[in-house]
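This report addresses the strand arrangement and selected loop residues of one protein model. The sequence and structure are shown first.

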Amino acid sequence: MHAQNISFLLASPQPDLLAAIEPVLLRAASRVEVALSAQAALDAMNAPQPPALALLDAGLPGMRIDDLLAAVRSGENGRRFPIVLIVDSAEPVWMERLSERIIDDLILRSAAESYGELRIDLVLQAFHRGREVEMLREAAAQSARIDRLTGVLNREALLSALFRETDRVQRLNDPLCLALFDVDDFGHWNSRLGMDLCDEALRQVAARTTRLLRSYDLLGRLGMDEFLVALPGCNLANALLFVERLRADVFNVPFHLAGESVRLSACFGMALSHGRSPVVVLREAEEALLNARAAGPESIQIFGDSLRPAPAPVTYLSPSSGDELIAW
């Protein structure tokens, strides 16, 4: 073990035990914090920077050891560090706490110094291995939710999040609006620029869109060039303002791809949840998007509205831009 920046907690009211164990701990840690009571130990374990290991005397005054362990589990730091109890004997109650994973190990008060040092080292090794496995599992679960190309939610993760969000807006009677959009004539750009540059364009679309979102908005990629934004708390009027901003801030700014300045555009379809199944609302947004495509590039359509004339394309050949743009 490396002692750099590692802090241990040693909690016991017995001076002889503290004098015997503290030097052992200092061989593996840069600092040892000593606590003489259960409350002092609890404060140290619930501190913003908890110890890497807590060595607790089962006879700490001021609180039953089971109550102390329960308070640690319910605290902010939970069980992010191993806990070892110093006990007089391996009584059934302590073995039960071990089997329940409430504690990580026991050290007998009468154990030799070398044995105690070995137990502490083994506990730390096992704990760090467990943390590594947990982090790998979390990373794998996160990876399964993310679209690998763009870094936003994939279709399955987005639908799952939409069901949770729909439950919430039903309870609170809040609005929820979906905005579906795709890049106009993306097949043309694939042919003209090639797949690699089009992949980069999609990454830039996702990044620009993400910068416009609030922390609780949702963004996912549903298809090749198709993205969905879920806007909790937005009625149609507010959502329409947001989509207008998407059209201007995401697509009216040239995309710089391998030395080329490319002007992309998109169509948008919108639908309001009314607390209904996300599958139903998504179908409505898809129908609105089909209407937008029929209306022409850069169109915005809301489900239930009659087809509106296509808006005039946003001016992109600006004399002040300094870019020679490729446009379709």
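Helices (H or I, at least four residues) and strands (E, at least two) are taken as DSSP runs and numbered from the N terminus. With this numbering, D185 is placed in the loop between β6 and α7 (186-193). The model under discussion is a predicted one.

**Sheet**

An open sheet is formed by 5 strands, in the order β2-β1-β3-β4-β5, with parallel pairing. At its edges are β2 (31-35) and β5 (105-108), each of which pairs on one side only. From one strand to the next, the twist averages 20°.

Strands of a sheet pair through backbone hydrogen bonds, in either a parallel or an antiparallel manner. Within this sheet, strand β3 (residues 53-57) and strand β4 (residues 83-87) run parallel and are joined by 4 bridges. L56 stands opposite L85 in β4. Helix α4 (residues 92-99) lies across β4 and β5, and runs at about 150° to β5.

**Loop residues with positive phi**

N173 is located in the loop between α6 (155-172) and β6 (176-183). N173 has a positive phi although it is not a glycine, and the same description applies to D185. The values for the two residues are as follows.

| Residue | Phi | Relative accessible area |
|---|---|---|
| N173 | about 55° | 70% |
| D185 | about 50° | 41% |

How is N173 classified by its relative accessible area, buried or exposed? Exposed means over 50% relative accessible area; N173 has 70% and is therefore exposed. D185, with a relative accessible area of 41%, is partly exposed.

Notes. Residues are numbered from 1 along each chain as its sequence is written. This is a predicted model: local features need pLDDT of at least 70, side-chain atom pairs count only at pLDDT 80 or more; totals for chains, interfaces and linings use all residues. Side-chain values use heavy atoms; hydrogens and water are left out. Buried means under 20% relative accessible area, exposed over 50%, partly exposed in between (1.4 Å probe, protein chains only). Two strands pair if DSSP finds at least two bridges between them. Axes are lines fitted to C-alpha atoms, for helices over the stretch in contact, and angles run from 0 to 180 degrees between N-to-C directions. Contact means heavy atoms within 4.5 Å.
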